Amino acid sequence: MWIVFAFVGILSGVIIAWALDMNSPKEIFQGALGGLIAGILMSAMLPH
Amino acid sequence: MSDKKETPKIGEKRKDSNQPLILPGIHRYQFFTNLKDRGWTINLDRVALFGIVAAMLSVVIKPLLRWNPATIYCYECRACYATQDRCPVGITLQAELVVAARVLDYDRFIRNGGLKCIRCGNCQSYCVQYLPLPEMFSVMQQETRRAMVNGVIPKDILRRALSQGLVGKEYIDDVAKTVA
Amino acid sequence: MEYLGYINLGIFLALMLSTLFGYIRTPVQTVLVISTILCLIVGAIFKYAAYGIDAVLLMPNEFLGGIILHPITALLTGLFLAGGLKASGGFDALKVLLRFLRRSPIGLVGTLVILINLPVISSLPCGRILAAALLPLLFTFGFEGGLGILTKSQLIVLIGAFTRNAMGSCGPSPIGGVGQIAEGFLGSFFATASDGILRAPQAFSLMLGTAVVALFLKLISQKIYPNDVSLREAPDAMAAQKFAEPEIKAPIEGYLALVIFVISLLTAIFQPLGKMPVQSVLVAGALLMVIVCRIRLNDLLEGIILLPVTAMAAGFLAAGALAATDGFKALGQILNSLVGVQFLGVAGMLAIFVQFQTILPLSCARILTAALVPVLYLFGPAQFDFLNWSQLAIVMAAYIINATTSCGPSPLGGGGMMGEGTMRAETGFIKGAYTFASMAIMAPMAAIFMKFLNLSIFQPSDPRFLQDIKMIAAFAILIAGVNILLLVAGSKLFNKESPNNYYIQVFGFLLGGSISGAILAFAVFEIDAVKIAQGAVGGFIAAALIGFMVPRSLSKRMTSTLSGPEL
């Protein structure tokens with residue numbers, strides 16, 4: 001399940017970074033990284 | 001707003017052009033609850049607030065006075081419904097019984113099969129807090145029996161329970177006697 | 001007696017709509033109490049006629065059963081902890097930690113993304129617990145809060161997205177969350193339902209929905225209502241020169257309070273000491289703060305905000321009165337009768353049903369969920385047989401995420417108002433974003449996730465697994481993509497003409513609702529053109545009900561409210 005959460009985490013991280021006016025490639029990458037961590041953490045808290 | 005601070009008439013549209021139209025889905029109910037607007041309803045508001053607080057307090061105090069305090073802890077998350085056919089007498093909505101026990105709602109208790117319960121404890125293992133459901137139901141069963149004897153519960157409710165098979169053998173004599 | 005429910009449902013809806021459109025101008029909690037009293041009076045007359053005085057005397061007990069204590073006490077304990085953290089310097093300690101994170105490879109934006117998703121990661125039984133504790137911290141990121149890292153626009157997006165994530169996190173919570181109400185019912189078929197069959201779909205769709213809310217706030221809300229938020233930007237002179245970040249130091253008590261806070265949360269979620277109420281754990285944490293961090297009991301009490309508590313209780317009272325007088329039974333029958341309407345059918349009715357709590361958002365999702373989930377359950381094999389068990393699980397997933405997120409846009413002391421207060425916004429500012437995301441993103445996404453992952457054989461070696469993962473990824477991109485396109489196109493088309501903007505939004509709203517209904521119908525009935533069309537019609541009607549249950553513009557009546565005579 002973590003794969004889909006990681007995927008949507010990255011997707012949401014990129015969208016949030018852009019919504020926060022942080023548009024440089026570095027910031028978008030950092031947003032994706034933050035989203036990836038959030039997605040994996042979220043998946044880890046769920047029943048498997 | 002003008003300096004004269006005139007109160008606009010009810011029903012007219014605002015004339016200022018910079019007032020945006022409201023976005024679909026936006027709920028602005030709280031515009032009506034502006035403090036300045038409360039003049040004619042201030043006592044009504046006070047009574048309403050008193051009613052809300054009194055209702056909340058009674059929900060907490062009642063179970064304490066009736067020796068059924070554990071009912072206060074129920075999250076009403078309904079995880080106990082997962083008991084399903086593991087309940088030997090076929091009660092499906094256990095949380096309803098807990099709420100009924102908390103507020104002494106006899107109709108709700110009987111309607112959901114509270115008088116059928118044999119307190120086996122199978123539903124307890126599904127409770128996210130492992131609350132003592134059999135004890136709660138037992139206390140409420142005694143309360144219901146007392147209310148029946150005192151004639152507090154309308155006979156129609158008991159008749160309906162009898163006809164739908166909602167009374168266990170432990171209580172069937174009491175119910176039959178009351179209805180008769 | 002059969003008319004009692006319809007009459008009381010009519011009274012409740014008439015009072016709510018009159019308040020909404022400005023014909024009744026009192027606080028909403030007063031209106032809810034009036035609704036309770038009227039319903040009880042009408043109920044008493046009917047019950048007296050049918051069953052006699054004994055039935056009337058039992059009515060107070062019946063309507064008090066509507067009060068659900070759990071969210072009220074959970075909110076109070078959350079506010080308690082927030083008060084303790086504030087008094088002990090815990091927020092300063094958190095700022096120091098965040099500064100450390102910001103300087104790590106994930107940077108500021110990565111830190112903010114994690115912070116925004118923290119409520120769903122921790123999944124407490126009421127989103128207000130974490131919101132009460134962390135919203136003051138988010139405020140400090142702005143110029144007025146002291147750190148000055150974010151601009152006004154960024155702060156609006158941050159607070160709005162965080163609050164959205166929080167006011168939905170009660171859904172996937174395993175410790176008394178709203179989703180468990182439906183999991184309990186699904187347990188009669190899915191043996192492991194009570195372990196959390198609905199948690200993953202909810203968490204998944206909330207994550208995506210949060211991102212779309214962030215985008216909505218940036219592209220739509222701020223453009224339409226540029227003056228609705230009274231946060232200030234940093235003065236030009238300060239903004240021009242690199243804003244010197246003030247040196248933050250936290251007292252040792254602050255770090256201790258933070259450690260106690262985190263341990264309390266983890267203990268409440270994982271329950272390593274055995275099953276116990278989350279409130280008890282949090283109060284124990286707060287008392288530990290009093291002892292270890294040397295704060296006063298008064299500091300804890302200062303954290304409490306009463307309005308959301310009383311508004312929520314008033315909502316429960318009104319719902320309790322409706323339940324005691326068959327109001328919800330009547331609602332169930334009305335929804336059931338929609339199946340007979342040719343252009344709606346089962347698919348259209350379900351598309352409206354799943355959006356019902358966003359159409360009528362109350363202060364706590366539990367108010368209506370407790371009444372409507374049993375109705376939905378009866379649509380399955382248990383009674384009406386409109387749906388089989390798998391289809392019921394899909395509809396439950398969509399309904400529950402829509403329900404749990406409904407306290408966000410609720411104007412009756414809903415959680416979203418905490419976010420609006422923190423960003424100093426007019427009431428209603430962030431609610432358009434919330435309703436749109438619940439309707440157009442979260443409900444269909446949860447249904448898709450349930451269909452393609454939760455219900456399939458869940459093993460990596462299964463060939464369907466990879467296919468299902470691909471399907472979910474494709475739908476996530478499709479649903480998010482279409483809606484993002486709608487938002488971007490809408491924001492480009494806006495101009496100074498208010499009516500023009502309004503019609504663009506209406507079009508976008510209705511289109512979003514129709515697509516959502518169609519996707520839901522596809523998830524439930526697969527490729528069936530008639531059903532998908534019926535779902536789209538149902539979604540259209542639901543979107544219209546959500547969108548138009550508001551006055552089109554502020555009338556004089558409301559203006560007089562705003563500028564009425566002083567007390």
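This is a short chat about a predicted model, mostly on the interface of chain C and chain A.

Student: How many residues are in contact between chain C and chain A?

Tutor: On the chain C side 43 residues take part, and they touch 32 residues of chain A.

Student: And how much area do the two bury between them?

Tutor: About 3,400 Å², with 84% of it on carbon and sulfur atoms. Of the area that chain C buries against chain A, 20% comes from C:Val109, C:Ile121 and C:Met207, more than from any other three residues.

Student: How many salt bridges does the rule find across that interface?

Tutor: The rule finds 1 salt bridge there. C:Lys218 forms a salt bridge with A:Asp21, and their closest N and O atoms are 2.4 Å apart.

Student: How many residue pairs are in polar contact across the interface?

Tutor: There are 4 such pairs, counting those with both residues at pLDDT 80 or more.

Student: Which elements of chain C give two or more residues to the side that touches chain A?

Tutor: Helices H7 (107-122), H9 (152-166), H11 (199-224), H13 (252-270), H23 (431-454) and H24 (463-493) of chain C. H7(C) gives the most, with 12 residues.

Student: How do the residues on that side of chain C divide into nonpolar, polar and charged?

Tutor: They split into 33 nonpolar, 7 polar and 3 charged.

Student: Changing topic: how many disulfides over all chains?

Tutor: The structure holds 0 disulfides.

Student: What about B:Cys80, buried or exposed?

Tutor: B:Cys80 has a relative accessible area of 10%, so it counts as buried, the cut-off being under 20%. B:Cys127 is buried too, with a relative accessible area of 10%.

Key
Residues numbered from 1 in each chain as written. Chains lettered and ligands numbered in written order. Predicted model: local features only at pLDDT ≥ 70, side-chain atom pairs only at ≥ 80, totals over all residues. Heavy atoms only, no water. Contact = heavy atoms within 4.5 Å. Buried area = accessible area lost by both parts, 1.4 Å probe. Salt bridge = Lys/Arg side-chain N within 4 Å of Asp/Glu carboxyl O. Polar contact = N/O pair within 3.5 Å; in protein donor to acceptor, adjacent residues only side chain to side chain. Helix = DSSP H or I, 4+ residues; strand = E, 2+ residues; numbered from the N terminus. Nonpolar A, V, L, I, M, F, W, Y, C, P; charged D, E, K, R; others polar. Disulfide = S-S within 2.5 Å. Buried < 20%, exposed > 50% of the residue type's maximum accessible area, 1.4 Å probe, protein only.
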